[in-house]
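Got the viewer open and the mouse ready? Here is a short tour, one selection at a time.

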Amino acid sequence: MRALTFLARRFVAGDRIDDAISAVRALNADGLKATLDNLGEDSHDKAHALAAADENMVMLRRLGESGVDANISLKLTQLGMGFDDALAKDSLLRIVEEAERLGSFVRIDMEGSKFTQKTLDIFYSIHDKHPGVGIVLQAMLRRTEADVKDAVARKARVRLCKGAYKEPASVAFPDKKDVDANYDRCSAILAKAPVPAMATHDDARIESALKAFDAAGLVKSDYELQMLYGIRAKRARELRAKGHTVRIYVPYGTHWFPYFYRRIR
């Protein structure tokens, strides 16, 4: 386990919020923005779910106090979705309202496909009155093109990623070429969405999105390119040097193993 902890430090900023803020300061010094994630998912009781919600509130306040350029990302199962959806929704609303008060932004991470519709339902129930919340959609899922079109129609802010969960072929494309093609289709559609965020380390996907955005008349301040902490750091700096807005996903916390495992896989 000690070796795993050492390896995980490439992808995880540290155990504590202070570690994460230090990592964000270093990124900001290179002109990179960040989104902070307190690692954890699948809370199984109310106490843990409420504690996770409180940690997100602390994150928002600490980010505001520190003056770093970062927003936050979170998972709804961490807030209780799965055993008490109403609790998760109430906690999300509390977090989003705090973010709006502080002039920040909250992104809801997408989890495994069994949670996709439930996540979208909770997201839209909040988003319709609180535009300071965004969603993640996964190009690997067969349903995502339709979800992207719906998000554009509803003026939702979307981060498009490929997806890191193991899914059955009935709901996800099993071949990388099909995931890539779906990513490109969805990124072109997102040219009509507010502040589309393209989360990928794949240069071909980045270039495809940039061509679509250019064709739609977008300028570099209209969208974000996003990458994970510890992956292709040099490329992130190169993109920033070309004038793109680049945001790095910075996770921290002691519950790092599921996240670390998906990165390795």
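Start with Val250 and show its neighbours. Leaving aside residues up to four places away in sequence, Val250 touches Ala13, Ala20, Ala23, Val24, Leu27, Ala34, Thr35, Leu36, Asp37 and Tyr229. Keep in mind that you're looking at a predicted model.

Now widen the selection. Val250 is among the residues with the most contacts inside the largest nonpolar core, along with Leu36, Leu74, Leu79, Leu92 and Ile95. That core has 76 residues. Leu36 deserves a second click, since you've met it already: it is also one of the residues that Val250 touches.

Next, pick Phe11, Val12, Leu228 and Ile231. These belong to a second, separate core, which has 6 residues.

From there, go to Arg232. You'll find Arg232 in the loop between strand S7 (224-228) and helix H9 (233-241). Is this residue buried, partly exposed or exposed? Its relative accessibility is 33%, so Arg232 counts as partly exposed; the band for that label runs between 20% and 50%. Check the backbone too: phi of Arg232 is near 55°, a positive value in a residue other than glycine.

With Arg232 still selected, bring up its contacts. Again not counting residues up to four places away in sequence, Arg232 touches His201, Asp203 and Met227. Try a distance label on the His201 pair: the C-alpha atoms of Arg232 and His201 are separated by 7.0 Å, with the two residues 31 apart along the chain.

Where else does a positive phi turn up in a residue that is not a glycine? Select Lys155, where phi is about 60°. Lys155 is in the loop between helix H6 (144-153) and strand S5 (158-161). With a relative accessible area of 61%, Lys155 is exposed.

Finally, clear the selection and zoom out to the whole chain. In cartoon view, look for 10 helices and 8 strands. The radius of gyration is 17 Å, close to the 18 Å that the globule rule gives for 265 residues, so the chain is as compact as a globular protein of that length. Along the principal axes, the C-alpha trace spans about 45 × 40 × 40 Å.

A contact map is worth a look here: of the contacts with a separation of 6 or more, 73% come from residues 24 or more positions apart. Colour by burial and 53% of the 265 residues count as buried. Switch on the surface, and you have about 12000 Å² of accessible area, 53% of it belonging to carbon and sulfur atoms. Last stop, the charges: the chain has 43 positive and 37 negative ones, and their mean positions are 4 Å apart.

Definitions and conventions. Residues numbered from 1 in each chain as written. Predicted model: local features only at pLDDT ≥ 70, side-chain atom pairs only at ≥ 80, totals over all residues. Heavy atoms only, no water. Helix = DSSP H or I, 4+ residues; strand = E, 2+ residues; numbered from the N terminus. Rg over C-alpha atoms; globule rule 2.2 N^0.38 Å. Buried < 20%, exposed > 50% of the residue type's maximum accessible area, 1.4 Å probe, protein only. Contact = heavy atoms within 4.5 Å. Areas by Shrake-Rupley, 256 points an atom, 1.4 Å probe, with all protein chains shown as cover. Lys, Arg positive; Asp, Glu negative; His and termini not counted. Charge placed at Lys NZ, Arg CZ, Asp CG, Glu CD. Core = buried A, V, L, I, M, F, W, Y, C linked by side-chain atoms within 4.5 Å.
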